[in-house]
Amino acid sequence: MLARDDQPSLQRTPLHALHLALGGKMVPFAGYDMPVQYAAGVLREHLHTRASAGLFDVSHMGQIALRPKSGKAEDAALALERLVPQDIVAIAPGRQRYAQFTNEAGGILDDLMVANFGSHLFVVVNAACKAEDEAHLRANLSDACVIESLPDRALIALQGPKAESALAKLCADAPAMRFMDSAPRKVSGIDCFVSRSGYTGEDGFEISVPAEHAAALTNALLTDPDVLPIGLGARDSLRLEAGLCLYGHDIDTTTTPVEGALEWSIQKSRRAGGARAGGFAGADSILSQFEQGAARRRVGLTPQGRAPVREGAALFADATSSDPIGRVTSGGFGPTLNAPVAMGYLPTSHARAGSSVFAEVRGQRLAVQVAAMPFVPNNYKR
Amino acid sequence: MTTLFTDDHEWLRIEGDVATIGVTDYAQSQLGDVVFVELPKVGRSLKKAEAAAVVESVKAASDVYAPITGEVVEINDALVAEPALVNSDAGGKAWFFKMKIADKSQLEGLMDEAAYAKHTA
């Protein structure tokens with residue numbers, strides 16, 4: 001019933017020793033040996049983050065600086081717009097924006113955060129994609145940018161309603177930041193990059209810190225009794241309740257941003273009729289889906305019983321039909337809702353909130369309702 | 001009354017020709033917070049090693065296997081109502097189901113408490 005493969009080739013983040021000292025239960029994730037939970041367990045870690053503050057090591061993610069060869073940040077922004085459907089030029093200095101790398105078919109190669117640091121752009125990409133992303137940037141942007149990967153930086157997320165007060169003790173500038181502000185800041189006297197953002201639906205911060213200072217900064221944050229270390233298990237249940245996509249599951253190269261219900265992330269300037277319409281990989285198919293709609297859509301799903309409906313479960317229009325109409329891409333138990341939650345893809349005809357469908361779990365058809373996301377209201381400080 | 005254990009971290013309490021089945025404390029510690037339990041129907045005939053019940057934590061679903069062949073004679077409805085009993089009392093209140101033992105010779109390959117303690121050490 002239980003097994004664990006030992007994978008000696010796993011990489012370690014700068015906080016690996018601290019995870020072990022804190023009693024982290026380590027599992028392989030995206031090539032790294034990462035804590036899936038600590039002694040408190042996934043349920044308590046999840047609830048603590050929503051009620052107080054949770055600290056997450058996300059140092060496995062890729063951090064990359066895009067430095068314009070011309071010296072003008074706008075040139076780096078214009079260059080990056082070839083690879084993403086977002087308006088990068090409009091990101092003001094000190095702000096960041098959610099984006100996706102698209103391929104020629106309109107599929108999503110990865111999703112990322114892009115910050116304007118004034119002199120250059122700072123991007124954060126998913127761990128499992130970071131080598132491909134860096135190669136993609138080098139292949140396509142080297143005319144305009146120096147692509148500088150930053151492997152010697154750790155990344156710490158501090159999330160929850162008490163994140164602000166906890167970080168304020170080490171960074172007096174933190175409380176004045178708004179959701180999606182991102183800039184270099186001193187934290188405990190250390191030169192960090194701080195953004196007010198995260199992956200839980202809660203208020204919070206993500207702090208990029210030089211690797212040699214990562215453990216000291218983490219320990220300083222953990223001295224606050226409001227702050228507990230949180231593993232990847234609760235990170236996943238928190239982001240699922242917040243309706244946020246997990247790359248490689250809810251979005252991938254076979255799904256477009258329109259199918260993925262990410263239209264909100266594509267600004268008017270890049271859509272048909274906009275000032276810089278198109279001009280990104282996959283623009284033809286993505287812009288035509290904006291006009292004509294996509295055949296399927298990512299939706300929130302609330303199973304009507306107590307049984308979790310997990311990734312891979314087939315979705316059916318009714319209790320007896322033999323042909324599936326969709327599939328669950330993420331699913332589990334939402335501790336804040338105290339109920340199962342999921343997301344998946346359905347034909348647009350069935351994608352309206354309130355629609356009833358069925359998920360097949362262990363040979364049984366379970367009633368599932370299409371639901372608006374997020375499942376738990378966002379708590380961002382705008 | 002004898003308690004026996006399987007490689008799959010299940011326990012069987014033998015009383016006459018009835019076995020009560022649950023998962024061990026070691027299993028619950030590995031599973032984490034249990035949020036859902038599905039039990040077999042009373043009257044179902046189970047073959048040894050057949051998936052009989054499901055236990056789900058926040059993260060994952062795991063099968064509980066029939067450790068022996070036999071018919072399900074009783075299930076623990078209290079466990080369905082309160083799955084967290086698996087974490088708080090795996091060896092007691094969190095029993096899953098009771099089976100009528102079809103073939104007592106199947107008990108011979110199972111571990112006693114001392115052997116199971118070595119198995120999980």
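**Close-up 1. The hairpin made by S1(A) and S2(A) in this predicted model.** Just 2 residues sit between the two strands, and one to look for in the turn is Ala30(A), with a positive phi of about 50 degrees. Strand S1 (residues 25–29) and strand S2 (residues 32–37) of chain A run antiparallel and are joined by 5 bridges. To get your bearings, find Lys25(A): across from it in S2(A) stands Gln37(A).

**Close-up 2. Helix H2 of chain A, mostly covered.** This helix spans residues 42–51, and 7 of its 10 residues are buried. The buried ones are Val42(A), Leu43(A), Glu45(A), His46(A), His48(A), Thr49(A) and Arg50(A). So what lies over them? The cover includes S2, familiar from the hairpin view, along with strand S3 (53–57), strand S9 (153–159), strand S13 (227–229) and helix H7 (232–241), again in chain A.

**Close-up 3. Inside the largest nonpolar core.** There are 134 residues in this core, and those touching the most other members are Leu80(A), Val114(A), Leu121(A), Val123(A), Ile156(A), Leu158(A) and Val309(A). Strand S6 (residues 108–116) of chain A puts in the largest share, with 6 residues. As background, nonpolar side chains tend to be buried together in soluble globular proteins. Now zoom in on Ile156(A): leaving aside residues up to four places away in sequence, Ile156(A) touches Leu55(A), Asp57(A), Ile207(A), Val209(A), Ala214(A), Leu217(A) and Thr218(A).

**Close-up 4. The open sheet of chain B.** Here 6 strands line up in the order S1-S2-S3-S9-S8-S5, with antiparallel pairing. Strand S1 (2–5) and strand S5 (45–46) of chain B stand at the edges with a single partner strand each, so one side of each has no neighbour in the sheet. Further in, strand S3 (residues 18–23) and strand S9 (residues 97–101) of chain B are joined by 4 bridges. A handy landmark on this pair is Val18(B), which stands opposite Lys100(B) in S9(B).

**Close-up 5. Where chain B touches chain A.** Each chain brings 16 residues to the contact. On the chain B side, helix H1 (25–31), strand S4 (34–38), strand S6 (51–57) and strand S7 (61–65) each supply at least two residues. What kinds of residues make up this side of chain B? By class, there are 6 nonpolar, 4 polar and 6 charged residues.

Key:
Residues are numbered from 1 along each chain as its sequence is written. Chains are lettered from A and ligands numbered from 1 in the order in which they are written. This is a predicted model: local features need pLDDT of at least 70, side-chain atom pairs count only at pLDDT 80 or more; totals for chains, interfaces and linings use all residues. Two strands pair if DSSP finds at least two bridges between them. A nonpolar core is a set of buried Ala, Val, Leu, Ile, Met, Phe, Trp, Tyr and Cys residues joined through C-beta atoms within 7 Å. A residue is buried if 20 or more other C-beta atoms lie within 10 Å of its own, exposed if 12 or fewer, and partly exposed in between; C-beta atoms are placed from the backbone. Two residues are in contact if their C-beta atoms, placed from the backbone, lie within 7 Å. Ala, Val, Leu, Ile, Met, Phe, Trp, Tyr, Cys and Pro count as nonpolar, Asp, Glu, Lys and Arg as charged, and the others, Gly among them, as polar.
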